[in-house]
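Trainee: Could you show me how to read the pockets and cavities of a protein model? I would like to learn it step by step.

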Amino acid sequence: MTVHIGANKGDIAETILLPGDPLRAKWVAENMLEGAVQYNSVRNMFGYTGTYKGNRVSVQGTGMGIPSISIYVTELFKDFDVQTAIRIGTCGGLGKTQLRDVIIGMAASTDSGTNRRATGGLDFAPIANYDLLKAAVDAAAAHGVTYHVGGIASMDLFYDDSNALDVLEAHGVLGVEMEANALYSIAARKQRRALAVLTVSDHIITHESMPSEQREKSLNAMVEIALSAALNG
Ligand code: HPA
């Protein structure tokens with residue numbers, strides 16, 4: 001048991017998917033895993049363990065933002081020995097990305113100050129695990145979805161009136177969300193493997209957003225790619 005995860009050691013698989021939304025964790029457990037058992041309900045941040053193609057996999061909600069996901073991944077790595085963690089989530093698209101496209105995050109920039117506390121002020125560049133990244137790219141290509149591989153950014157503010165998003169776009173960043181930077185950074189410090197597979201749910205420049213009936217179908221593709229990366233990467 002940890003402060004935020006009411007599970008026993010062994011209840012959580014070595015491989016875990018991390019959606020921000022706990023109800024998405026429930027959806028993945030019920031629709032994509034076999035024999036899933038719920039191990040956490042503390043703060044309604046649901047977590048489940050089941051199997052996918054015979055392999056033990058967990059799925060855990062993380063909440064929104066770097067402070068929240070930092071709590072969950074720290075406990076998962078430190079107290080539950082999780083080795084491979086793949087974030088599945090939505091993002092705002094930049095540049096040529098379009099609604100429903102999948103983005104596989106090679107590196108995760110941020111405006112958060114959390115990493116600098118750990119590095120003593122040095123600007124560490126958090127990256128995805130290459131084996132997971134490659135397996136996700138192979139899975140996305142085989143799936144037939146439109147996908148992009150490149151930089152993403154985990155921003156502290158969802159509602160941001162500054163020009164930060166223009167700056168990110170000028171640097172070729174593909175999408176903005178709020179968590180991957182912490183996942184990649186904490187994984188690096190704990191020597192674990194991490195990746196983020198995202199779906200573009202709204203577009204920052206065109207202001208389009210995905211109609212709710214399309215969200216489930218897109219979710220399916222993203223989860224299949226993440227599970228395939230987890231198993232083959
Ligand atoms: N900003 C940050 N996080 C997000 C967004 C966004 O526009 N869309 C989905 N997650």
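**Reading pockets, a ligand and a cavity**

Mentor: Gladly! Let's begin with one element and one pocket: strand S6 gives the most to the lining of the second largest pocket, with three residues. Keep in mind that this is a predicted model.

Trainee: Which elements each supply at least two residues of that lining?

Mentor: Strand S6 (102–110) is one, and helix H3 (114–119) is the other. The residues that line the second largest pocket include Ala108, Ser109 and Thr110, as well as Asn115 and Arg116. Asp111, Ser112, Leu122, Asp123, Phe124, Pro126 and Asn181 also line the second largest pocket.

Trainee: How much space lies in the second largest pocket, and how does its lining divide by class?

Mentor: The space is about 190 Å³. By class, the lining has four nonpolar, five polar and three charged residues.

Trainee: Now for the largest pocket. How much space lies there?

Mentor: About 620 Å³. The lining of the largest pocket is made by 25 residues, and those closest to its centre are Thr90, Phe158, Glu177, Met178 and Asp202. Three elements, S5, S8 and S9, give two or more residues each to this lining. S5 gives the most, with six residues.

Trainee: And what is the chemical make-up of the lining of the largest pocket?

Mentor: Sorted by class, the lining of the largest pocket has 11 nonpolar, six polar and eight charged residues.

Trainee: I can see a ligand too. Where does the ligand sit?

Mentor: The ligand sits in the largest pocket. Two or more residues of the shell around the ligand come from each of strand S5 (84–93), strand S8 (175–177) and strand S9 (193–203). S5 gives the most to this shell, with three residues.

Trainee: Which residues are around the ligand?

Mentor: To read a shell, name its members and then sort them. Here they are Thr90, Cys91, Gly92, Phe158, Val176, Glu177, Met178, Ser201, Asp202 and Ile204. This shell divides into five nonpolar, three polar and two charged residues.

Trainee: How far is a polar side-chain atom of Asp202 from a nitrogen atom of the ligand?

Mentor: The distance is 3.0 Å. Polar contacts can use the backbone as well as side chains, so look at both: a pair of N or O atoms counts within 3.5 Å. In this model, a polar backbone atom of Gly92 is 3.3 Å from a nitrogen atom of the ligand.

Trainee: How much of the ligand's accessible area does the protein cover?

Mentor: On its own, the ligand has 260 Å² of accessible area, and the protein covers 88% of it.

Trainee: That leaves cavities. How many cavities of 30 Å³ or more does a search of the whole structure find?

Mentor: The search finds one. About 50 Å³ of space lies in the largest cavity.

Trainee: Which residues line the largest cavity?

Mentor: Arg24, Thr90, Thr199, Met210, Arg215, Ser218, Leu219 and Met222 line it. Helix H7 (residues 212–232) gives the most to this lining, with four residues. By class, the lining of the largest cavity divides into three nonpolar, three polar and two charged residues. You can also spot Thr90 in two lists now: Thr90 lines the largest cavity, and Thr90 is among the residues around the ligand.

Notes: Residues numbered from 1 in each chain as written. Predicted model: local features only at pLDDT ≥ 70, side-chain atom pairs only at ≥ 80, totals over all residues. Heavy atoms only, no water. Near = heavy atom within 4 Å. Polar contact = N/O pair within 3.5 Å; in protein donor to acceptor, adjacent residues only side chain to side chain. Areas by Shrake-Rupley, 256 points an atom, 1.4 Å probe, with all protein chains shown as cover. 1 Å grid on protein atoms, 1.4 Å probe; cavity = no way out; pocket = protein on both sides within 12 Å on 5 of 7 lines; lining within 4 Å. Sits in = over half its atoms within 2 Å of the grid points. Nonpolar A, V, L, I, M, F, W, Y, C, P; charged D, E, K, R; others polar. Points joined across faces, edges and corners; volume = space filled by probe spheres on them.
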